[in-house]
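Please examine the sequence and the structure shown here together with the explanation below.

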Amino acid sequence: MIISGKDLAREVRENIARKVASYRIEYGREPNLCVILVGDDPNSHTYVRGKGKAAQEVGFSHTELLLPDTITEHELIDRIHELNNDDSVDGILVQLPLPKHIRKHRVIEAIDPNKDVDGFHSRNVDALWHKLPGVRACTPKGIIKLLDKAGVEIAGRHAVVIGRSNIVGFPVAKMLLDRNATVTIAHSHTADLGAITRQADILVVAIGVPKLIKGDMVKEGAAVIDVGISHDPETGKLSGDVDFAEVEPKASVITPVPGGVGPMTIACLMENTLDCYTRKMQWD
Ligand code: NAD
């Protein structure tokens, strides 16, 4: 079964749009997301446009703050502080990567954790590790929703996560652990990757190496989630980390690239923005 992230993302967005319509009446305004883009990277522009389009579709107001790459770290942090103090802004997101002269961790830490819709602030990461309420990172959250939608049993199964980034691998491993899977994390120093992946009932691949996971590396009946987005050097086309043609016949469920995890990341970003807004409105 191919799990369509596009279809599930549409369901999530429709659900958000319905809530926004009623919250607008209850609280007098819709959620407001501010996306900050520093510099002119064309890929980043595409991602920011996608986020803006999704925000519009669910009925949020949405601002794009486009800043030149000559901005200093200090100036950028000042802009973030202004947005933190602006009551009309519910969610703040800084599109990554940032220019080299700006330290990513300094910028992320400057965002109010209650407006940190990406879930990257150390207070939100800490909340995940301590099982406390907080904003959960979008891609891992989307992966769990995809597994649930496909009816994949998580508790008691062996989940193998390849990749240990703070954005995907590490948090998704923790979320699977919290759902009572037995979790193995593999990475670029793992000696025999195939020996580990062949044990996986659930295989989550987040590395960014096109088609690294071949058919003979996957157990019959495994659920396979392909997070990778890169360009196949042979065809130039968008590719996942999984060789789809080889793995799909063996997998019980699999996500395609594109159209799998990607749309769910954006849908979860909208969900996080709505959550930040409702928490704020209910406190006020
Ligand atoms: P990253 O570069 O921060 O981390 C990559 C990880 O892969 C590292 O932990 C590294 O140890 C591991 N790795 C690299 N080569 C390996 C190999 N040959 N064998 C085993 N492990 C290896 O990347 P990231 O930010 O986690 O992103 C991973 C991929 O997922 C990228 O292609 C990225 O574009 C994609 N991504 C997709 C979404 C989405 O919404 N679909 C979101 C975030 C990231």
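The paragraphs that follow treat the sheets, the ligand site and some backbone details in turn.

The model is a predicted one, in which local features need pLDDT of at least 70 and side-chain atom pairs count only at pLDDT 80 or more, while totals for chains, interfaces and linings use all residues. Residues are numbered from 1 along each chain as its sequence is written, and side-chain values use heavy atoms, with hydrogens and water left out.

Helices (H or I, at least four residues) and strands (E, at least two) are DSSP runs, numbered from the N terminus. Two strands are called paired if DSSP finds at least two bridges between them. In general, strands of a sheet pair through backbone hydrogen bonds, in a parallel or an antiparallel manner.

One open sheet has three strands in the order 2-1-3, and its pairing is parallel. Strand 2 (61–67) and strand 3 (91–94) each have a single partner strand and stand at the edges, so one side of each lacks a neighbour in the sheet. From one strand to the next, the twist averages 15°; axes are lines fitted to C-alpha atoms, for helices over the stretch in contact, and angles run from 0 to 180 degrees between N-to-C directions. Helix 3 (residues 73–85) packs on this sheet and touches strand 1, strand 2 and strand 3, where contact means heavy atoms within 4.5 Å. The direction of helix 3 makes about 175° with that of strand 1. Within the sheet, strand 1 (residues 32–38) pairs with strand 3 in the parallel sense over four bridges, and Val35 stands opposite Leu93 of strand 3.

A further open sheet is formed by five strands in the order 5-4-6-7-10, again with parallel pairing. Its edges are strand 5 (182–186) and strand 10 (253–254); each has a single partner strand, so one side of each is left without a neighbour in the sheet. Strand 7 (residues 223–226) and strand 10 run parallel and are joined by two bridges, with Ala223 opposite Val253 in strand 10.

The ligand is surrounded by 20 residues, of which the closest are Arg164, Ser165, Gly208, Ile229 and Thr265; a residue counts as near if one of its heavy atoms lies within 4 Å. Helix 10 (residues 261–283) supplies the largest share of this shell, three residues. By class, the shell has 10 nonpolar, nine polar and one charged residues; Ala, Val, Leu, Ile, Met, Phe, Trp, Tyr, Cys and Pro count as nonpolar, Asp, Glu, Lys and Arg as charged, and the others, Gly among them, as polar.

Which distances separate ligand atoms from the side chains of Ser165 and Thr265? An N or O atom in the side chain of Ser165 is 2.5 Å from an oxygen atom of the ligand, and for the side chain of Thr265 the corresponding distance to a ligand oxygen atom is 2.7 Å. The protein covers 70% of the 860 Å² of accessible area that the ligand has on its own, as given by the Shrake-Rupley method with a 1.4 Å probe.

Some backbone details remain. Most peptide bonds are trans. The bond from Leu96 to Pro97 is cis, with omega near 0°, and Pro97 is found in the loop between strand 3 and helix 4 (104–110). Another cis peptide bond joins Val257 and Pro258, the latter in the loop between strand 10 and helix 10.

How values were computed. Polar contact = N/O pair within 3.5 Å; in protein donor to acceptor, adjacent residues only side chain to side chain.
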